[in-house]
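Please open the model in a viewer and keep the sequence panel at hand. The tour below proceeds by selections, each followed by a description of what is found there.

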Amino acid sequence: MATMVDVARRAGVSVATVSHVLNETRPVRPDTRKAVLDAIDDLGYIPNTLARSLVTARTRSIGLAVSAISNPYFTEILQGVESSALERGYGLLIADPHDDPAHERKVVRLLHERRVDGVIVAPSAEPAGLVEYLTRRGIPAVFLDRLVGDSHDQVCAENAPPVEQLVLHLADLGHTRIGLVAGLPGLSTTSERIAGYRAGLARRGLPFRPGLLADGHSEARGAEDAVHRLLAAPEPPTAIIAANNAMTIGALRALRTAGLSVPGDLALVCFDDFSWADVFSPGLTAISQPSREIGATAVRLLLDRLENPGRPPRTVRLPCAFVHRTSCGCVAEDPDRPLPGTPAQPGKDPAS
C-alpha cells in the first residue's frame with residue numbers, strides 16, 4: 001500500500017508539501033499541487049482521514065437531517081447538498097428526524113458525536129430545543145426549507161408570493177371560493193403560504209373564509225381528509241390549492257373518491273412541482289421550487305460559516321417558477337412561465 005513518503009518521492013517534493021496539499025493547510029503552487037495529485041492517482045494512495053482530522057481539527061464531513069427523504073422535494077434537496085459537498089471534498093452523513101422535535105435533537109446529537117464539521121437541518125415545527133442545542137455547543141449549522149428566527153444561517157424558497165400568484169390565477173379564471181389545504185402548523189412554510197393565500201384573496205377583493213382553509217398536516221392522508229372536509233362545507237370550494245406535493249396526492253385521491261373530475265368539476269393547483277406532474281391527466285399547474293439550488297446554497301452557507309465563524313447569520317430566499325398546465329382549467333400556453341419577481345427584502349443575501 002502506498003504511503004505519503006511514496007507520494008512525495010514520486011512527485012519530487014517533501015512529505016510536508018504532500019501534507020499541505022491534502023490538508024489545505026498552506027498555499028501550494030498550482031504546478032506542485034498538480035504533481036502531488038497526479039502522484040496520488042498513479043500510486044492509488046488513500047489518505048488517512050482520521051489522521052488528517054487530528055491535524056486539521058476537521059473531518060471534512062457534513063451532517064444532513066431532513067424528514068421524509070422519500071419525498072421527491074427533499075430527495076432533490078439531498079442531491080443538491082450531496083453534489084455540492086462532494087465537489088468541495090466533503091462527505092455526507094444523513095439522518096431522518098421524522099419532523100419530531102425529540103427525535104430531531106437525538107439525530108443531530110448523533111451527527112455531532114460523529115464529529116461532522118457542521119450540520120444542515122430542515123427543522124421541525126417545534127425547533128426551540130434544537131436551536132438551543134446547536135447554540136450552546138457552538139455547532140456550525142444551516143437551516144433549510146423552514147426558517148427559524150435569525151440566529152443561524154438559513155435558506156428557503158419564497159413561499160408567500162408564489163401562493164398569492166396561484167390565488168390570482170384562479171381568481172382571474174372566475175373562481176370566488178378558493179380553498180387551501182395547508183401544511184403542518186408551526187412550520188414557517190405553512191404560515192407563509194397561508195399569508196400568500198390571504199394576500200391573493202385580498203388583492204382580488206375576495207373574503208377570507210375560514211371554512212375554506214383546512215390543515216392537511218403536510219402529508220397525503222391528512223390532505224385527503226382535509227379535502228373531504230372542504231367538500232362537505234355548506235359552500236364548498238370550486239378550486240383548491242394543495243400546499244405541497246404529498247398533499248397534492250391526497251387531494252387527488254379525495255377528489256377521485258368523491259367522483260369529481262379535475263378541472264371539470266373542480267380546479268386543482270399545487271405548491272411543489274414534481275417530475276411526474278405533467279403525466280397526470282390533466283397536467284398539474286404548479287409552483288416549482290429550486291430544490292437542488294436550495295441544497296447547494298445550504299452547503300455554500302455552511303462552508304462559508306466554517307471559514308468565517310464570526311460573520312452575521314444570513315437568510316437566503318430563492319425564487320420559484322409558475323408552471324402552467326391544465327388542472328387549473330385553462331390551456332397551458334407556456335409550460336415554464338416565470339413567476340413575476342418581487343422586490344428584494346432587506347437583509348437578504350444571495351450567498352453566491
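Begin by selecting residues 239-242, strand β8, together with residues 267-271, strand β9: the two strands run parallel and are joined by four bridges. To inspect one residue pair, select Ile241, whose bridge partner in β9 is Val269. The model under inspection is a predicted one.

Next, keep these strands displayed and add helix α11, residues 245-257. α11 packs on the sheet, where it touches β6, β8 and β9, and its direction makes about 165 degrees with that of β9.

Now extend the selection to the whole sheet. In what order do the six strands lie? The order is β7-β6-β8-β9-β10-β12, in an open sheet with mixed pairing. At the edges, select β7 (213-215) and β12 (321-323), each of which pairs on one side only. On average, and with direction ignored, neighbouring strands of this sheet are turned by 20 degrees against each other. As a general point, strands of a sheet pair through backbone hydrogen bonds, in either a parallel or an antiparallel manner.

Add α9, residues 188-203. This helix lies across β6 (178-182), β7, β8 and β9, and runs at about 175 degrees to β6.

Return to the edge strand β12 and select Ala321, which is found in it. Is Ala321 buried, partly exposed or exposed? Ala321 is partly exposed, because its relative accessible area is 27%, which lies between the limits of 20% for buried and 50% for exposed. Then add Pro290: Ala321 and Pro290 are 31 residues apart in sequence, while their C-alpha atoms are 8.3 Å apart in space.

The next stop is the largest pocket, which has a volume of about 420 Å³. Select Asn71, Asp99, Arg146, Ser218 and Asn244, the closest to the pocket centre of the 25 residues that line it. By class, the lining comprises eight nonpolar, 11 polar and six charged residues. Helices α5 (72-87), α9 and α11 each supply at least two lining residues. The largest share, three residues, comes from α9, the helix already seen lying across β6, β7, β8 and β9.

Finally, display the entire protein chain. Its secondary structure comes to 12 helices and 12 strands. Of the 352 residues in the chain, 49% are buried. Among contacts with a separation of 6 or more, 69% are between residues 24 or more positions apart.

Note on methods. Residues numbered from 1 in each chain as written. Predicted model: local features only at pLDDT ≥ 70, side-chain atom pairs only at ≥ 80, totals over all residues. Heavy atoms only, no water. 1 Å grid on protein atoms, 1.4 Å probe; cavity = no way out; pocket = protein on both sides within 12 Å on 5 of 7 lines; lining within 4 Å. Points joined across faces, edges and corners; volume = space filled by probe spheres on them. Nonpolar A, V, L, I, M, F, W, Y, C, P; charged D, E, K, R; others polar. Pairing = 2+ DSSP bridges. Axes fitted to C-alpha atoms, helices over the stretch in contact; angles between N-to-C directions. Contact = heavy atoms within 4.5 Å. Buried < 20%, exposed > 50% of the residue type's maximum accessible area, 1.4 Å probe, protein only.
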